[in-house]
Each structure stands twice: as structure tokens, then as C-alpha cells.
Amino acid sequence: MYKNIVILTGAGISVESGIAAFRGGGGLWGDYKVDDVATLNGYRKNPALVHDFYNKRRRELKDVSPNPAHIALAELEKSYSGRVTVITQNVDDLHERAGTKNLLHMHGELLSIRCEDCGDRFKSDEEFSIESICPACGKKGVLRPDIVWFGEVPMHLEKIEPLLLSADLFISIGTSGNVYPAAGFVRIARNNARTVEINLEASLTADLFHEHIIGNAGAVVVEYVQKLLKGGV
């Protein structure tokens, strides 16, 4: 029986709910350039464009729902006798809607806004623009998406490293293995933990995992969680 399960989720788990990944065919970038909408320089250059991009993503989020993989992980947290923590690279709220509580968004949240002036953060599914006013300080034009852009430091790293070091089972679901620091988590965890990769194909860090399970997250994660809950893994 594992005492401390740490699960890393990436774009692959949300793609099955209808959320496009950044990379690959049909990716989120579409008519947008990465540097224009996912960097601080891009935001400084054209904040209206950046707000437009993330407003569209918030609207799209309202049309999707958690899939069986999200629901299975929430059930694991609820029913497993040990500790279960989900670290996600995704900025959607599908884990929350499925019922996961012990969750860390390392790349920020689509439904969170941050004030560049006073630092206040608040949750909202509304649309924002350069005319929006911070509810905390009352200033206009200082709100930005609470997203970790390229070149910025991911959130919660001070919590994540101790979790990885104390894990005895590390599961990576739907990740490519080419985005750091998340791609390096398996290297930290494998010192003390069994490491399992669940993905449609082997990631770039596949050689660091003890076990590989290939398949759609919606089916494979459900089966794996059932085994964990029965003590069969």
C-alpha cells in the first residue's frame, strides 16, 4: 500500500474532454504566435491581443466537462487510504470540477486573474480587457491572466519538490516530457518512488519510468485507479 501518491497531469488528460493542446495538429495557437500571447513581452506589447486570446479560452472552457480520467483521480483522492496529490500543468478547472481537492496548478489557472500593481489574485470566468479595473486597488489596465508564461517561474515549486522526494508512487499522465521543470519531476521522484507513465505514446523521459501504460487516459486511468483502490498495484 502506497502512503504518498503524487500524480502529474498534462495536456493529454484534458484533450479527451475537448480542450486542444498547445502543440500538435489542432493546437491552441492557431492564428496566434507563441511569443505574442504566451510571454510577458507579448503582453507588454499588445495586452488587448493577449486578453482576447484568454477570453476565448475561458469561453471554450464552459463547453467542456471532466472526463472519466479526471473523475477517477478525484475518486482516488477521496477513497484511497494514503495521501494523493495532483500536480497539473493544465490551466483548466476540470480537476476541480471532477472533485479533486489536493491540487496544485503549476502553470496557473485560466479562471484566475492577477493584478500587476497590487499583486491581488481573484477567481473569475468573466472576460477582461485593458479597460478592466482591479477590484482590490481600483486601478485600470493592470490585470493580466494568472498564467505562467514562457520564461516565467512555475508556481508552487517550493511545495512540489518535497512532495516528489517523499512520494512512493509517482504517476505521470498525458505529458510530453519536453516541458521543464515538470519533465524532470520523474528524476526526483524515482529516488524513492515507483514511477509510472500513462500516455498515448512514450514521452521524451520514458526511460526514467519503471512502468509504461499506453492508451487513452479516459480508459487506462480508470482501470489503474480501480487497481490501486483494490490494492492490486
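This is a short talk on a few features of one protein structure, and the model is a predicted one.

Okay, let's start with strand E1, which covers residues 4-9. Is E1 open to the outside or enclosed? Six of its six residues are buried, so E1 is largely enclosed by the rest of the structure. Now look at where the side chains go. Asn4, Val6 and Leu8 point one way from E1, while Ile5, Ile7 and Thr9 point the other way, and all of them are buried. If you're new to strands, here's the background: in a regular strand, side chains alternate between the two faces of the sheet.

So who are the neighbours of E1? One is strand E2, residues 83-88; the two run parallel and are joined by six bridges. If you want a spot to click on, find Thr9, which stands opposite Thr88 in E2. Another neighbour is E7, also parallel to E1, this time with five bridges. There, Ile7 stands opposite Ile171 in E7. And what holds such strands together? Strands of a sheet pair through backbone hydrogen bonds, and they can be parallel or antiparallel.

Keep Ile171 in mind, as we meet that residue again in the next part. How many cavities of 30 Å³ or more turn up? The count is one, and the largest cavity holds about 40 Å³ of space. Its lining is made by Leu73, Leu76, Ile171, Ile173, Ile198, Val221, Tyr224 and Val225. Three elements give two or more residues each to that lining: helix H5 (68-79), strand E7 (169-173) and helix H9 (217-229). H9 provides the largest share, with three residues. And what kind of residues are they? By class, the lining has eight nonpolar residues, with no polar and no charged ones.

Right, on to another sheet. This one is open, has three strands in the order E5-E4-E6, and its pairing is antiparallel. E5 (121-123) and E6 (143-147) are the edge strands, each pairing on one side only. From one strand to the next, the twist averages 40°. Zooming in on one pair, E4 (residues 108-115) and E5 run antiparallel and are joined by three bridges. A pair to look for is Arg114 with its bridge partner in E5, Arg121.

Last topic: the cysteines. How many disulfides does a search of the whole structure find? Zero. Let's go through a couple of cases. Cys115 is in no disulfide, and its nearest cysteine sulfur, the one in Cys118, is 3.6 Å away. To count as a disulfide, the two sulfurs would have to be within 2.5 Å, so this pair doesn't make it. Cys115 itself is buried, with a relative accessible area of 2%. Cys137 is in no disulfide either, and here the nearest cysteine sulfur belongs to Cys134, 3.7 Å away.

Buried or exposed, what about those two? Cys137 is partly exposed, at 31% relative accessible area. Cys134 has a relative accessible area of 2%, so it counts as buried, the cut-off being under 20%. Where does Cys134 sit? You'll find it in the loop between E5 and E6, which are the two edge strands from a minute ago. One more thing to try on the screen: Cys134 and Asp117 are 17 residues apart along the chain, and their C-alpha atoms are separated by 9.0 Å.

That's my tour, thanks for listening!

How values were computed: Residues are numbered from 1 along each chain as its sequence is written. This is a predicted model: local features need pLDDT of at least 70, side-chain atom pairs count only at pLDDT 80 or more; totals for chains, interfaces and linings use all residues. Side-chain values use heavy atoms; hydrogens and water are left out. On a 1 Å grid over the protein atoms alone, a cavity is a set of points where a 1.4 Å probe fits but cannot get out, and a pocket is an open set with protein on both sides within 12 Å along at least five of seven lines; lining residues have an atom within 4 Å of a point. Grid points are joined across faces, edges and corners, and a volume is the space filled by probe spheres set on the points. Helices (H or I, at least four residues) and strands (E, at least two) are DSSP runs, numbered from the N terminus. Ala, Val, Leu, Ile, Met, Phe, Trp, Tyr, Cys and Pro count as nonpolar, Asp, Glu, Lys and Arg as charged, and the others, Gly among them, as polar. Two strands pair if DSSP finds at least two bridges between them. Axes are lines fitted to C-alpha atoms, for helices over the stretch in contact, and angles run from 0 to 180 degrees between N-to-C directions. Buried means under 20% relative accessible area, exposed over 50%, partly exposed in between (1.4 Å probe, protein chains only).
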